[in-house]
Amino acid sequence: MTHAPHHLTLADIARHLDVDFEGDAEQPIRGLATLKEAAPDQVAFLANRAYLKDLATTKAAAVLLHPEHGKNCPVPRLEMANPYLGYAKLSQLFDPLPARDVTGIHPTAVVADDAMLGKGVSVQAHAVIEAGVVLGERVVVGAGSVIGADSVIGDDTRLHANVTVCHGVVVGKRVILQSGCVIGGDGFGFAHDGAGWHKIAQLGGVMLGDDVEVGSCSSIDRGALGDTVIGNDVKIDSQVQIAHNVIIGDHSALAGCVGIAGSTTVGKHCMLGGGVGLSGHLTICDGVQVTGMSLVTNSIHEPGVYSSGTGAMSNTQWRKNAVRFKQLDEIAKRLSRLEKSHRSK
């Protein structure tokens, strides 16, 4: 449930979405909520048919929904072909976070003398900005965050509390870095001499495009030689690991706990479900969707939906199937022999 930081009316909401509405234009709107929980001064939305059962009893001031459901709505409605997109746009109106930002440098922050800070920058308590850093206009550096030497942060980017941006990282405009993420840590590079490991210095950097979001406790490693590159409008969930020299194309999205090994390239408009793993040195073309918990060990050159693994089942059934899986090779050989015998007759 969300509440507006300032007074809005139903007319304001409709104007923001550029849609028509029925109802009292001056109806105060103070927040967003689900169909089931909405109060008479809140807007609800219907984007999933599974919640259609809650529409008839909603107490919302208005409901954002697809035109096909409009006739079943008992309260004023805001009709859109993509109501979930409408919900996303409305959520920005009710976000109180920007209103709490205070421009300037907190007394406990440490800022290098040669760092360059744009207009309207907010550097919060105990943040550290090292030598040679360039911050664009209206950048917010959250409490306890660290920006390493010679990094560049674009306009209107926000670092939440305790974000680490290592040295030589380039971050685009309007980027959101959630708490605990690390951008530009060392990639996993070691050479073995037969007795032990020798660390390979990671000499590249990281480049994040515009409008990127990186979830909490995710890691994007710096390149071994060239840069790790994240394209424009890429959305990365929490606890994601992106190894050195990975390239991710524009408008792709990675759900929680995705792991991408080094030097793999993911195309544009790709979607990787939760827990997906990509082996190293692969190429994934544009327009690929990989469903949750899948393991990709070969390059993908055709757009489409890809899956691996099996869904959960009873342990008894799984044990039987595990035995059968071990027998597949022998069954395939027997089938091949039968086919050869049949052809020879």
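# Exercises on strand pairing, ring pairs, helix α4 and cysteines

In this predicted model, serine 122 has valine 140 in β13 as its bridge partner. The exercises below start from that contact.

**Exercise 1.** Determine which strands pair over two bridges around serine 122, and place them in their sheet.

*Solution.* Step 1: the bridge from serine 122 leads to valine 140 in β13. Step 2: strand β10 (residues 122-123) and strand β13 (residues 140-141) are joined by two bridges and run in the parallel sense. Two strands count as paired if at least two bridges link them, so the criterion is met. Step 3: both strands belong to an open sheet of 11 strands with parallel pairing, in the order β7-β10-β13-β16-β19-β24-β27-β30-β33-β36-β38. Step 4: the edges of this sheet are β7 (104-105) and β38 (304-306), each of which pairs on one side only.

**Exercise 2.** For the open sheet of 10 strands, identify the strands at the edges and explain why one side of each lacks a neighbour.

*Solution.* Step 1: the strand order is β8-β11-β14-β17-β20-β25-β28-β31-β34-β37, and the pairing is parallel. Step 2: β8 (110-111) and β37 (295-296) are the edge strands; each has a single partner strand, so one side of each is left without a neighbour in the sheet. Step 3: at the β37 end, strand β34 (residues 277-278) is joined to β37 by two bridges, and the two run parallel. Within this pairing, leucine 278 stands opposite valine 296 in β37.

**Exercise 3.** Trace the cluster formed by ring pairs among Phe45, Tyr84 and Tyr87, and give the exposure of each residue.

*Solution.* Step 1: the structure has four aromatic pairs in total. One of them joins phenylalanine 45 to tyrosine 84, with 6.2 Å from centre to centre and 55° between the planes. This angle is neither under 30 degrees nor over 60, so the pair is classed as tilted. Step 2: phenylalanine 45 lies in strand β4 (residues 42-45) and tyrosine 84 in helix α2 (residues 83-93), so the pair ties together parts that are 39 residues apart in sequence. Step 3: tyrosine 84 also forms a tilted pair with tyrosine 87, at 5.7 Å centre to centre and 45° between the planes. These two tyrosines are three residues apart in helix α2, and are therefore separated by about one helical turn. Step 4: ring pairs thus link Phe45, Tyr84 and Tyr87 into a cluster. Step 5: phenylalanine 45 is partly exposed at 22% relative accessible area, tyrosine 84 is exposed at 52%, and tyrosine 87 is partly exposed at 30%.

**Exercise 4.** Compare the expected span of helix α4 with the distance between its end C-alpha atoms, and locate its bend.

*Solution.* Step 1: helix α4 (residues 315-344) has 30 residues, and at 1.5 Å a residue it should span 44 Å. Step 2: the end C-alpha atoms are 43 Å apart, which agrees with that expectation. Step 3: α4 bends by about 45° at glutamine 327.

**Exercise 5.** Establish how many disulfides the whole structure contains, and examine cysteine 181 and cysteine 257.

*Solution.* Step 1: the search finds zero disulfides. Step 2: for cysteine 181, the nearest cysteine sulfur is that of cysteine 217, 8.5 Å away. A disulfide requires sulfur atoms within 2.5 Å, so this distance does not qualify. Step 3: cysteine 257 is likewise in no disulfide, its nearest cysteine sulfur being that of cysteine 217 at 11 Å. Step 4: cysteine 181 is buried at 0% relative accessibility, whereas cysteine 257 is partly exposed at 47%.

Notes. Residues numbered from 1 in each chain as written. Predicted model: local features only at pLDDT ≥ 70, side-chain atom pairs only at ≥ 80, totals over all residues. Heavy atoms only, no water. Phe/Tyr/Trp six-rings, centres within 6.5 Å; stacked < 30°, edge-to-face > 60°. Helix = DSSP H or I, 4+ residues; strand = E, 2+ residues; numbered from the N terminus. Buried < 20%, exposed > 50% of the residue type's maximum accessible area, 1.4 Å probe, protein only. Expected span 1.5 Å × (residues − 1). Bend = angle between axes of the 7 residues up to and from the residue.
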